[in-house]
Amino acid sequence: MRVMVIVKATKNSEANVMPDEKLMTEMGKYNEELMKAGVLLAGDGLHPSNKGKRIRFADGKKSVIDGPFAETKELIAGYWMWQVKSMEEAVEWARRCPPPMPGEESELEIRPVFEAEDFGAEFTPELRAREEKLRAELEQKQKA
């Protein structure tokens, strides 16, 4: 099962307070453990929301909203994509994570990623083939 592990934003991450060498070292070791275990698929930190945009879809219209966004507790400061056997395994890995925002209360959120079988009959063989082709093309581009 694939999961997205979301590092929730904090006041300091939204103020663009950068991690110190100690945290970067601890996170580097943690990421190496995830990699060696075959769990880590991807992961990155995100710039604060003042550098972001939102696209709102409402009543058939699209509008662009510039950051920063008000509710820090609802924002994302970073993420990992993991391949794990179960949610319990994901929780165990998350428990081993160094505190991502030293000096502040911080939080990780773990969310399962939808897999093809989750969509049932609506995800027809034709749609599955199209999705598989797209994923294969993406993988080739990432290798190049």
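Start with Ile55: its bridge partner is Val64, over in strand 4. That pair belongs to a stretch where strand 3 (residues 53-58) and strand 4 (residues 61-66) run antiparallel to each other, joined by six bridges. The two strands make a hairpin with two residues between them. If you like checking backbone torsions, go to Asp59 in that turn, where phi is positive at about 55 degrees. Keep in mind throughout that this is a predicted model.

Now zoom out to the whole protein chain. There are four helices and six strands, and reading along the sequence gives the pattern β-α-α-β-β-β-β-α-β-α. Along the principal axes, the C-alpha atoms fill a box of roughly 50 × 45 × 35 Å. Of the 144 residues, 24% count as buried. The exposed surface comes to about 10,800 Å², with carbon and sulfur atoms supplying 54% of that area. Contacts reach far along the sequence, too: among those with a separation of 6 or more, 75% are between residues 24 or more positions apart.

The UniProt record, an unreviewed entry, annotates residues 1-112 as "domain: YCII-related". Within that span, 26% is helix and 34% is strand. Its end C-alpha atoms lie 7 Å apart.

Next comes the open sheet, which has four strands in the order 2-5-1-6 with antiparallel pairing. At its edges are strand 2 (40-45) and strand 6 (108-112), each of which pairs on one side only. From one strand to the next, the twist averages 15 degrees. Two helices pack on this sheet. Helix 2 (residues 21-36) touches strand 2 and strand 5, and its direction makes about 25 degrees with that of strand 5. Helix 3 (residues 87-95) touches strand 1, strand 5 and strand 6, with a direction at about 160 degrees to that of strand 6.

Strand 1 is a good place to look more closely. Strands of a sheet can pair in a parallel or an antiparallel way, through backbone hydrogen bonds. Strand 1 (residues 2-8) pairs with strand 5 (residues 76-83) in the antiparallel sense, over seven bridges. Two pairs let you follow the register: Met4 stands opposite Met81, and Val5 stands opposite Trp80. Strand 1 also runs antiparallel to strand 6, with five bridges joining them. There, Ile6 has Glu109 as its bridge partner. Strand 1 is mostly covered, with six of its seven residues buried.

Which residues in this strand deserve a stop? Arg2 is one found in strand 1. Arg2 counts as buried because its relative accessibility is 17%, and the cut-off is under 20%. Leaving out residues up to four places away in sequence, Arg2 touches a set that includes Leu41, Trp82, Arg111, Phe114 and Arg135. With Phe114 there is a specific polar link: the side chain of Arg2 reaches the backbone oxygen of Phe114 at 3.5 Å.

Lys8 is found in strand 1 as well. Why does Lys8 count as buried? Its relative accessible area is 11%, so Lys8 is on the buried side of the 20% cut-off. Beyond its neighbours up to four places away in sequence, Lys8 touches Lys73, Leu75, Ala77, Met101, Glu107 and Glu109. With Glu109, the side chains make a polar contact at 3.1 Å. Lys8 also shows how distant parts of the sequence come together: Ser106 is 98 residues away along the chain, yet the two C-alpha atoms are separated by 6.8 Å.

Finish in a loop. Ser49 is found between strand 2 and strand 3. Is Ser49 buried or exposed? Ser49 is buried, because its relative accessible area is 8%, against a cut-off of 20%. Setting aside neighbours within four places in sequence, Ser49 is in contact with Glu14, Gly67, Pro68, Phe69 and Leu75. The contact with Glu14 includes a polar one, joining the two side chains at 2.5 Å. Leu75 is worth a second glance, since that residue appears among the contacts of Ser49 and among those of Lys8.

Definitions and conventions
Residues numbered from 1 in each chain as written. Predicted model: local features only at pLDDT ≥ 70, side-chain atom pairs only at ≥ 80, totals over all residues. Heavy atoms only, no water. Pairing = 2+ DSSP bridges. Axes fitted to C-alpha atoms, helices over the stretch in contact; angles between N-to-C directions. Contact = heavy atoms within 4.5 Å. UniProt positions renumbered as here; feature names shortened; annotations may be inferred. Buried < 20%, exposed > 50% of the residue type's maximum accessible area, 1.4 Å probe, protein only. Areas by Shrake-Rupley, 256 points an atom, 1.4 Å probe, with all protein chains shown as cover. Polar contact = N/O pair within 3.5 Å; in protein donor to acceptor, adjacent residues only side chain to side chain.
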